[in-house]
Amino acid sequence: MVIIGSGPLPISLIMMCHQYGVRGIGIEQETERAELSRKVLEKLGLSDQIRIITGNHSILPLKDAAELIMVAAQAEPKQEIFDYLAEALPTSTKLSYRIYEKGLRRLLDTFFHYDLPESFEEYLRIRPEPPVNNTVVFVIKKT
Ligand SMILES: C[S@@+](CC[C@H](N)C(=O)[O-])C[C@H]1O[C@@H](n2cnc3c(N)ncnc32)[C@H](O)[C@@H]1O
């Protein structure tokens with residue numbers, strides 16, 4: 001799986017790799033954060049499973065096809081990212097993103113201002129149960 005906006009501590013990738021043994025790629029636009037996350041992964045012995053690329057969404061699609069591309073809640077600008085991915089990703093690519101529909105974090109959620117491109121079809125929405133407070137939305141790129 002690939003995460004756009006993996007940050008200095010790519011905890012989602014670490015958890016996915018630890019729990020499910022998947023291989024991951026994090027894309028992080030800030031050079032220092034990308035470097036810090038590589039050090040964290042090395043200390044955890046996960047450098048073989050998780051690779052960090054310095055860059056942003058525009059480097060997608062990668063040569064290796066991803067089973068799932070996750071867009072981090074803080075990845076921005078949302079409109080540019082999703083409009084770009086709608087054009088650039090091959091048909092049937094699966095994508096997920098997080099939104100905050102309740103609680104104070106909702107005030108910072110940028111998804112409320114934006115409609116996804118029509119080429120993305122939602123196929124699953126997992127609503128949160130305490131202590132989680134974010135909804136995860138899964139979409140697939142149509143032809
Ligand atoms: C706080 S981290 C997210 C960590 C993630 N939530 C996790 O659990 O693993 C968000 C990161 O996204 C990065 N970012 C924001 N927009 C981006 C983009 N378009 N492409 C790549 N990185 C981006 C920011 O630089 C920031 O380091």
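The following questions and answers concern a predicted model.

Q: In what order do the seven strands stand in the open sheet?
A: Strands of a sheet pair through backbone hydrogen bonds, either parallel or antiparallel. In this model the pairing is mixed. The seven strands of the open sheet follow the order 3-2-1-4-5-7-6.

Q: Which strands stand at the edges of the sheet?
A: A strand at an edge has a single partner strand, so one side of it is left without a neighbour in the sheet. This applies to residues 50–54 and to residues 120–126. The edge strands are therefore strand 3 and strand 6.

Q: By what angle are neighbouring strands of this sheet turned against each other on average?
A: The value is an average over neighbouring strands, with direction ignored. The angle is 20°.

Q: Which residue is the bridge partner of I27 in strand 3?
A: Strand 2, residues 24–28, pairs with strand 3 over five bridges. The sense of this pairing is parallel. Within strand 3, the bridge partner of I27 is I53.

Q: What angle does the direction of helix 1 make with that of strand 2?
A: Helix 1 (residues 11–20) packs on the sheet. Among the strands it touches are strand 1 (2–4), strand 4 (69–71) and strand 5 (94–99). Strand 2 is also touched by helix 1, and the two directions make an angle of about 180°.

Q: Are the rings of F82 and Y97 stacked or edge-to-face?
A: A pair of aromatic rings is described by the distance of the centres and the angle of the planes. For F82 and Y97 the centres are 5.4 Å apart and the planes stand at 75°. Planes over 60 degrees apart count as edge-to-face. The pair F82 and Y97 is therefore edge-to-face.

Q: How many residues apart are F82 and F120?
A: The rings of F82 and F120 have centres 6.3 Å apart and planes at 90°, so this pair is also edge-to-face. F82 belongs to helix 3 and F120 to strand 6, so the pair links distant parts of the chain. The two residues are 38 residues apart.

Q: Is F120 buried or exposed?
A: A residue counts as buried under 20% relative accessible area. F120 has a relative accessibility of 7%. F82, with which F120 and Y97 form one aromatic cluster, has a relative accessible area of 0%. By this cut-off F120 is buried.

Q: Which residues come nearest to the ligand?
A: There are 21 residues around the ligand. Side chains also make polar contacts: an N or O atom of S12 is 2.9 Å from an oxygen atom of the ligand, and an N or O atom of H57 is 3.1 Å from a nitrogen atom of the ligand. The residues that come nearest are I11, S12, E28, R33 and E76.

Q: Where is P61, which a cis peptide bond joins to L60?
A: Most residues other than glycine have a negative phi, and most peptide bonds are trans. The bond between L60 and P61 is cis, with omega about 0°. P61 has its place in the loop between strand 3 and strand 4.

Q: What is the phi of S92?
A: S92 lies in the loop between helix 3 and strand 5. With a relative accessible area of 47%, S92 is partly exposed. Although S92 is not a glycine, its phi is positive, at about 80°.

Technical notes: Residues are numbered from 1 along each chain as its sequence is written. This is a predicted model: local features need pLDDT of at least 70, side-chain atom pairs count only at pLDDT 80 or more; totals for chains, interfaces and linings use all residues. Side-chain values use heavy atoms; hydrogens and water are left out. Two strands pair if DSSP finds at least two bridges between them. Helices (H or I, at least four residues) and strands (E, at least two) are DSSP runs, numbered from the N terminus. Axes are lines fitted to C-alpha atoms, for helices over the stretch in contact, and angles run from 0 to 180 degrees between N-to-C directions. Contact means heavy atoms within 4.5 Å. Rings of Phe, Tyr and Trp (its six-membered ring) pair if their centres lie within 6.5 Å; planes under 30 degrees apart count as stacked, over 60 as edge-to-face and the rest as tilted. Buried means under 20% relative accessible area, exposed over 50%, partly exposed in between (1.4 Å probe, protein chains only). A residue is near a molecule or strand if one of its heavy atoms lies within 4 Å of it. A polar contact is a pair of N or O atoms within 3.5 Å; within protein, one must be able to donate a hydrogen and the other to accept it, and residues adjacent in sequence count only if both atoms are side-chain atoms.
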